[in-house]
Amino acid sequence: MNNPASANHITRRRFRVQGVVQGVGFRPFVYRLANELKLTGYVLNDSEGVLIEAQGAKATLDTFVDRMKSETPPLAKIVSVHSDSCEPGHDASFIIRQSHTDNQPLTLISPDVATCEDCLRELFDPADRRFRYPFINCTNCGPRYTIVEGIPYDRPNTSMKRFPLCPDCSREYHDPSDRRFHAQPNACPVCGPKLTLRSRRVEIPCADPIGEVVGLLKSGKIVAIRGVGGFHLAVDAHNNEAVKELRKRKGRAEKPFALMAPGLDSIRKYCHVSLDEATMLQHYRRPIVLLGRHAHSNIAPSVAPRNRYLGFMLAYSPLHHLLLRGNFDGLVMTSANLSEEPIVIGNDEALARLLDLADFFLFHDREILQRCDDSIGRHAAGAPRMIRRARGYVPEPVFLEKPVAQPILACGGELKNTIALARDKTVFLSQHIGDLDNPEAMKFFEHCIGHLESILGISPKLIACDLHPEYLSTKWAKKQSLTTVEIQHHHAHLVSVMAENGVYEKTIGIILDGTGYGTDGSIWGGEVLVGDASGFDRLAWLDQVPMPGGTAAIHEPWRMALSYLWHTYGNSIPNDLPFMRSLGSEEKSTILRMIERGVNSPMTSSCGRLFDGVAAILGIRQKVSFEAQAAIEMEMAASDAGSVASEAVLTNSGALDIRPIIRHIVEGVLAGRGVGALAAEFHFELVELFVAAALEARKITGIDVVGLSGGVYQNVLFFERIVARLQAERFTLLTHSDVPTNDGGLALGQVLIADAQYNSGKKV
């Protein structure tokens, strides 16, 4: 039975709160809660998070802790609360003390988040002093990661330090009862950042730069707009000529462009939006969400050629709201860069790099310290799935079930690169860096490593990298002075999906992608593995075939088509296939000789290349202008056909026989069957092939947990089909949700493998 006297006994406790608790209104929340409960003491920010000392009756302190955890502000995320008793003090009240830093930073920085409803009401209220001010924000919204340069997250450690607060903003900033108390980006038209408009040559004086930009966009101009994590290139999404001109200038022939809309009603004019998709769109992270387009959509055809999906995001900054509301239902808002280069962030950089891309420039003078692209996701197989993890998500960590023994840097892969820094039970994935095949991308890669090490206070003792000796990330890792662990690409994929799901026991992995350097020196990509972080066995793989011309075969799927036909038919390839008639006899003969003689034709088990080859046989795509284009267009072409049983079998060597699938496709084409039905049947036959392999793996190992990872799972038709079939066979499935299934998730797996192998004493 509780003792009332004990419950009322005055005591003092010190609370250490860690998580996303700085710059998100957590201290004023604690201040208001403590004063409501009539506690005394203080709260402050420091390098480890938030420190609280609170004094009062024991029962009241218990209530304080319970409510602190259950009533947390919307952007705050508490990871842990540790408490100790301490000597009672003589505080007269509860106050907010000045921040200080004295240890290794352990706090977590909030990502950049969308404008909140309170700020939006003020933005469009003519009576408010921030009416139509494009940099309005508060503790519940606005830029965070992209403006921070140090910890603790206070104004002097952000790019807002050059904007002294006016008396009105200062009063808000220092008032614990105000929504803008210690909102580090707080500003107004009197003291804050401002917009300027310029042409390619000169600044254009105008009272309303946003109004001018609206007019320019409506007249078909391309405008570079400085946003939160970088510049966008914007055009009217209904002006097909303007969109085609943007493609021409950007060097982006056919890859879909992202779109921005002012609200859900606008998006519903062009796309089907489920409740789950609406939730993703409206989340404060505001990712681009891939949505099924209406057949009657009047978005310019050049926005997403031959694609049934449109990538829409909702306006997420006050500038976007001012630009779109009442003016546009949809704008193309694509990253401002030349193809595959990092997004542009600085005004001078924009004039240097975008001069031939944009007609006009909308600048502002709040510096972007960290470039951060828009995130991309979709809803598939019952959950949100990240495709590109950046603005709105970074630098929130992935939390592990078990701690790593020492700080680790993981360098990721070559394509869709992200890096990771790990400490204890947290893995911090960087924003999307991109493909490391140009000098600007490598500079960004190195900057991300240095910046995250600095703000997180992590000094890695071990570096993990991909096994591929020619990856630039691997070459960089090997030049560093630390011990380097080289990790097989598909093993990293397997452990990545295990880590995201908190699984450490041996798992069957069906790992499907385009390219990964195998332990035998060949190119893997259609793998059935069994393993955990300490190691893996390669149980099965797609039949290996020559890849004529090496990387040239990635850009020209007809080469892979010839390789699969040669693998299936030998010298009796059916020459009356329509795609064969489109090839010149000389180039066809040359490629077949390369295949037969093994000249510049590395062997590959890649599932991505199989998709490419079948797309070419079906006549869908012979050459591509962006990664996975042939596979995407085959998915788009697939009709709602029924299931087809696969004849493919697992050979004694472990190779999965794909010849029956190729024969089925070829016979269908020669019989004049529709491309849509054959494309669907290919997807379904391939699913059955891997389901059969999973069943065989379960029989051999006794394991009934299957992890799915790799870029092929971005194909929704294939992904949802294999998920349903494996669930029907009573497998427990591990899939990606918060971490990309493509190479953007590799670094997470690399962290755990490096930790396991180094600590087990394996040779590294």
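F26, in this predicted model, touches V17, V21, V50, M68, T72, P73, A76 and I78 when residues up to four places away in sequence are not counted. The residue is found in helix α2, which spans residues 26-36, and with a relative accessible area of 1% F26 is buried, because the cut-off for that class is under 20%. A view along the chain gives a contrast to these contacts: V485 is 459 residues away from F26 in sequence, and the C-alpha atoms of F26 and V485 are separated by 40 Å.

The surroundings of F26 lead on to the nonpolar interior. In soluble globular proteins, nonpolar side chains tend to be buried together. Here the largest nonpolar core has 94 residues, and those that touch the most other members are F26, V30, I52, F64, M68, L323 and F445. Helix α12, made up of residues 439-456, gives the most to this core, contributing 9 residues. A second core, separate from this one, consists of 82 residues and includes L610, L656, A697 and L733.

From the nonpolar interior the reader may turn to a charged residue, R12, whose place is in strand β1 (residues 10-22). R12 counts as buried, because its relative accessibility is 3% and the class takes in values under 20%. The side chain of R12 makes a polar contact, at 2.8 Å, with the side chain of E53. Once neighbours within four places in sequence are left aside, the residues in contact with R12 include G41 and Y42, the run E53, A54 and Q55, and also D84, S85, C86, E87, P88, G89 and D91.

E87, one of the residues in contact with R12, lies in the loop between β4 and β5, the latter strand being residues 94-96. Is E87 buried or exposed? E87 counts as exposed, because its relative accessibility is 68%, and exposed means over 50%. Computed along the sequence or through space, the relation of E87 to Q55 can be stated in two ways: E87 and Q55 are 32 residues apart in the chain and 9.5 Å apart from C-alpha to C-alpha.

Strand β4 (77-86) also leads to the second largest pocket, since β4 is among the elements that give two or more residues to its lining, together with α9 (275-282), β17 (383-388) and β18 (398-399). The largest share, 3 residues, comes from α9. This pocket has a volume of about 470 Å³, and of the 23 residues that line the pocket, K77, R285, Y393, E396 and D738 are the closest to its centre. By character, the lining divides into 12 nonpolar, 4 polar and 7 charged residues.

A further charged residue, E556, closes the tour. E556 is found in the loop between helix α15 (552-555) and helix α16 (557-569). Which class does its accessibility give to E556? At 18% relative accessibility, E556 counts as buried, because the value falls under the 20% cut-off. Its side chain makes a polar contact with the side chain of R559, at 2.6 Å. Leaving aside neighbours within four places in sequence, E556 is in contact with Q622 and K623.

Definitions and conventions. Residues are numbered from 1 along each chain as its sequence is written. This is a predicted model: local features need pLDDT of at least 70, side-chain atom pairs count only at pLDDT 80 or more; totals for chains, interfaces and linings use all residues. Side-chain values use heavy atoms; hydrogens and water are left out. A nonpolar core is a set of buried Ala, Val, Leu, Ile, Met, Phe, Trp, Tyr and Cys residues joined through side-chain atoms within 4.5 Å. Buried means under 20% relative accessible area, exposed over 50%, partly exposed in between (1.4 Å probe, protein chains only). Helices (H or I, at least four residues) and strands (E, at least two) are DSSP runs, numbered from the N terminus. On a 1 Å grid over the protein atoms alone, a cavity is a set of points where a 1.4 Å probe fits but cannot get out, and a pocket is an open set with protein on both sides within 12 Å along at least five of seven lines; lining residues have an atom within 4 Å of a point. Grid points are joined across faces, edges and corners, and a volume is the space filled by probe spheres set on the points. Ala, Val, Leu, Ile, Met, Phe, Trp, Tyr, Cys and Pro count as nonpolar, Asp, Glu, Lys and Arg as charged, and the others, Gly among them, as polar. A polar contact is a pair of N or O atoms within 3.5 Å; within protein, one must be able to donate a hydrogen and the other to accept it, and residues adjacent in sequence count only if both atoms are side-chain atoms. Contact means heavy atoms within 4.5 Å.
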